[in-house]
Amino acid sequence: MGGWLEGDVALITGGGSGIGRAVALRYLAEGARVAVLDRDTGRPGDLPDGVLTVTGDVRSPEDLHRAVETTVERFGKLDILVPNAGIWDYHRSVTRLTGEELSDAFDELFGINVKGYLLAVEAAWRELAATRGSIVMTLSNASFHTDGGGSLYTASKHACLGLLRQLAYELAPKIRVNGVATGGMRTQLSGPESLGLHHRTLAASFARNEASGEAQPPLIPLYDSSVEPEDFTGPYVLLASRANSATVTGAVIPADGGIAVRGFRTAAGGTGL
Ligand SMILES: NC(=O)c1ccc[n+]([C@@H]2O[C@H](COP(=O)([O-])OP(=O)(O)OC[C@H]3O[C@@H](n4cnc5c(N)ncnc54)[C@H](O)[C@@H]3O)[C@@H](O)[C@H]2O)c1
């Protein structure tokens, strides 16, 4: 039996690591052919041979157009775009930054997290319209809730939700636009170079929290669910699948352990259920 994406072609930004890489592997397993644009395609845990890798920066329209052109040259078309490359602000509060630092970090973080998504769509929409394809954006719990980062990251992920909704409107009826709002995952997510946070990784923060026993905030109902990126890939398959989501656009699937249904106490059921 074929996979849910048999014969489709996908391009994933930031697919060299983390959730982007996990989606690339899952899409391959579902029968798709996959291309990845990343500024760092030489990380450990490289992608399998069949994956087309393009080195580039999502802030560059030229790099994104080159990625789309190379993908179509190699695979003949484009069905799915996953705007995903991003950086985090490591919870930096406005109270801890100077105006100068904020200004530089804003430009860097919004350049990657927001402009990078919009430019990817600009580069790809013509090919997606030709195949009546779709876009599946990586959003975040920070697209809806506070404390998934500082003000820079939270604002950037809220902005991506706005992009998703407006683009779903602008690109209908030929292109569906949806998103997956993932919660915390063990990835190499790094911070702005302008704040000296570009060598930090979220995986290291997880390791520190685990060592100190603060790994999972108990207020998240599914606090004992996985934090490995491969366990977040299912909704990306569902939303990209024409057969299973043909009537779905402008939608976001939260994959965050149930942040929207948390209460005022620890998860009500507890481990005794
Ligand atoms: N890890 C989490 O807990 C979490 C939670 C919610 C949302 N997200 C989102 O998931 C997405 C992917 O992040 P991740 O956690 O997999 O981190 P990651 O660092 O493991 O992967 C991100 C990839 O994007 C690439 N990248 C960064 N800036 C780039 C640029 N300017 N041009 C091209 N490539 C660039 C990096 O090289 C890296 O390979 C981001 O949008 C992030 O905001 C992550």
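Glycine 18 meets the ligand through its backbone: one of its polar backbone atoms is 3.4 Å from a ligand oxygen. This is a predicted model, and the distances are computed from its coordinates. Asparagine 84 also uses a polar backbone atom, here 2.8 Å from an oxygen of the ligand. Leucine 189 adds a backbone N or O atom, 3.2 Å from a ligand oxygen.

How much of the ligand does the protein cover? On its own, the ligand has 820 Å² of accessible area, and the protein covers 98% of that.

Now look at the shell. It holds 30 residues. Ser17, Asp38, Tyr153, Met185 and Thr187 are the closest to the ligand. By class, 13 shell residues are polar, ten are nonpolar and seven are charged.

Which elements give two or more residues to this shell? Three helices do: H1 (18-29), H3 (99-131) and H4 (151-171). Strand S5 (134-140) does too. S5 gives the most, with three residues.

Next, the confidence of the prediction. Mean pLDDT for the chain is 94. Of its residues, 96% reach 70 or more. Among the elements, strand S4 (residues 80-82) has the highest mean pLDDT, at 99. Helix H5 (residues 202-212) has the lowest, at 88. Where pLDDT is low, predicted coordinates should not be read in detail.

Key. Residues are numbered from 1 along each chain as its sequence is written. This is a predicted model: local features need pLDDT of at least 70, side-chain atom pairs count only at pLDDT 80 or more; totals for chains, interfaces and linings use all residues. Side-chain values use heavy atoms; hydrogens and water are left out. pLDDT is the predictor's confidence in each residue, from 0 to 100. Helices (H or I, at least four residues) and strands (E, at least two) are DSSP runs, numbered from the N terminus. A residue is near a molecule or strand if one of its heavy atoms lies within 4 Å of it. A polar contact is a pair of N or O atoms within 3.5 Å; within protein, one must be able to donate a hydrogen and the other to accept it, and residues adjacent in sequence count only if both atoms are side-chain atoms. Accessible areas come from the Shrake-Rupley method with a 1.4 Å probe; for residues, only the protein chains shown count as cover. Ala, Val, Leu, Ile, Met, Phe, Trp, Tyr, Cys and Pro count as nonpolar, Asp, Glu, Lys and Arg as charged, and the others, Gly among them, as polar.
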